[in-house]
Amino acid sequence: MPMEEDDQFDSTLLDAAMSLAATKGWQNLSMPDIARHAGLDLGEVRRRYPFKTSILLLLGQLADRSALIDDGSLGSPRETLFDLLMRRFDVFQQYRAGVLAVLKTLPFDPPVTLILGAATLDSMRWIAGAAGIRTTGLEGILRVQGVVALWTYTIRAWEKDESEDLGTTMAALEQALDRAERLGLFRGTEERLSDDTPQPSSLPAPEAQDANFNDFSDGE
């Protein structure tokens with residue numbers, strides 16, 4: 001099947017899933033329900049997306065694809081990270097009602113929460129790398145965890161943000177980035193991008209950094 005048809009299939013299925021989730025609740029849906037609502041062949045949907053969670057992973061992949069498009073713009077790691085994360089929110093916003101319905105069910109579905117948590121970690125590793133943030137080694141692991149914390153903090157604001165321009169979401173992300181910058185998330189990043197020589201660690205001790213990065217809502 002040509003790539004254009006693949007994309008159309010995925011888009012149609014995702015639209016149907018999010019539409020139904022918004023009206024019926026995610027926990028009340030079955031894959032045959034979604035396939036029929038989308039007007040797609042049940043057998044083909046079964047082959048491509050055997051589990052409901054597969055559709056949520058598809059949403060994350062589409063958000064990543066949108067975020068990681070190279071538009072030729074250049075900025076600091078902080079500016080780039082802001083842009084990349086907001087592009088992900090733009091995709092989520094397209095399916096807002098459905099995504100909110102899914103988020104409501106996660107506390108009651110630990111297996112799906114674990115799967116999506118792992119997928120989010122992988123997404124944030126790509127996002128961090130695209131922003132020029134080191135993602136390898138112990139220091140890289142801590143930095144990626146910091147970006148995950150940024151995303152988690154901001155998505156809580158997005159859930160409550162009913163503005164058309166996502167102003168509250170952007171303000172929350174800027175606040176989280178301010179705190180992350182004070183904690184050293186971006187320190188030394190630009191030098192590492194232009195110099196392959198190993199640099200001494202510029203982050204706080206792992207124990208202190210891990211504790212601070214996990215909640216950007218704390219005071220200094």
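**W151 is a buried residue, with a relative accessible area of 5%.** Buried here means under 20% relative accessible area, exposed means over 50% and partly exposed lies in between, with a 1.4 Å probe and protein chains only. The model is predicted, so local features need pLDDT of at least 70 and side-chain atom pairs count only at pLDDT 80 or more, whereas totals for chains, interfaces and linings use all residues. Residues are numbered from 1 along each chain as its sequence is written, and side-chain values use heavy atoms, with hydrogens and water left out.

**The stacked pair of F89 and W151 joins two helices.** Four aromatic pairs are found in a search of the whole structure, where rings of Phe, Tyr and Trp (its six-membered ring) pair if their centres lie within 6.5 Å, with planes under 30 degrees apart counted as stacked, over 60 as edge-to-face and the rest as tilted. The ring centres of F89 and W151 are 4.3 Å apart and their planes lie at 25 degrees, so this pair is stacked. Because F89 belongs to helix α5 and W151 to helix α8, the pair ties together parts that are 62 residues apart in sequence. F89 counts as buried, at 0% relative accessibility.

**F92 meets W151 in an edge-to-face pair.** The rings of F92 and W151 are 5.6 Å apart centre to centre, with 90 degrees between the planes. This pair links distant parts of the chain, since F92 is in helix α5 and W151 in helix α8, 59 residues apart. F92 is buried, at a relative accessible area of 9%. Through ring pairs, F89, F92, W151 and W158 are linked into a cluster.

**R88 and K52 each lie over the face of a tryptophan ring.** R88 is placed over the face of W151, at 4.7 Å from the ring centre, and K52 lies over the face of W26, also at 4.7 Å from the ring centre. Such a placement requires NZ of Lys or CZ of Arg within 6 Å of the ring centre and within 35 degrees of the ring normal.

**The largest pocket holds about 680 Å³ of space.** Its lining consists of 26 residues, of which L103, L106, L116, T120 and W151 lie nearest the centre of the pocket. The elements that give two or more residues to this lining are α4 (52–67), α5 (77–94), α6 (96–105), α7 (110–130) and α8 (137–160). Helix α7 supplies the largest share, seven residues. By class, the lining of the largest pocket has 14 nonpolar, seven polar and five charged residues.

**The second largest pocket has a volume of about 360 Å³.** Of the 20 residues that line the second largest pocket, S73, L74, G75, T80 and A130 lie nearest its centre. Two or more lining residues are given by α5 and by α10 (189–194), and α5 gives the most, with five residues. The lining of the second largest pocket divides into nine nonpolar, six polar and five charged residues.

**The whole protein has eleven helices and zero strands.** Helices (H or I, at least four residues) and strands (E, at least two) are DSSP runs, numbered from the N terminus. Of the 220 residues of the protein, 44% count as buried. Among the contacts with a separation of 6 or more, 69% are between residues 24 or more positions apart, a contact being heavy atoms within 4.5 Å.

Key: 1 Å grid on protein atoms, 1.4 Å probe; cavity = no way out; pocket = protein on both sides within 12 Å on 5 of 7 lines; lining within 4 Å. Points joined across faces, edges and corners; volume = space filled by probe spheres on them. Nonpolar A, V, L, I, M, F, W, Y, C, P; charged D, E, K, R; others polar.
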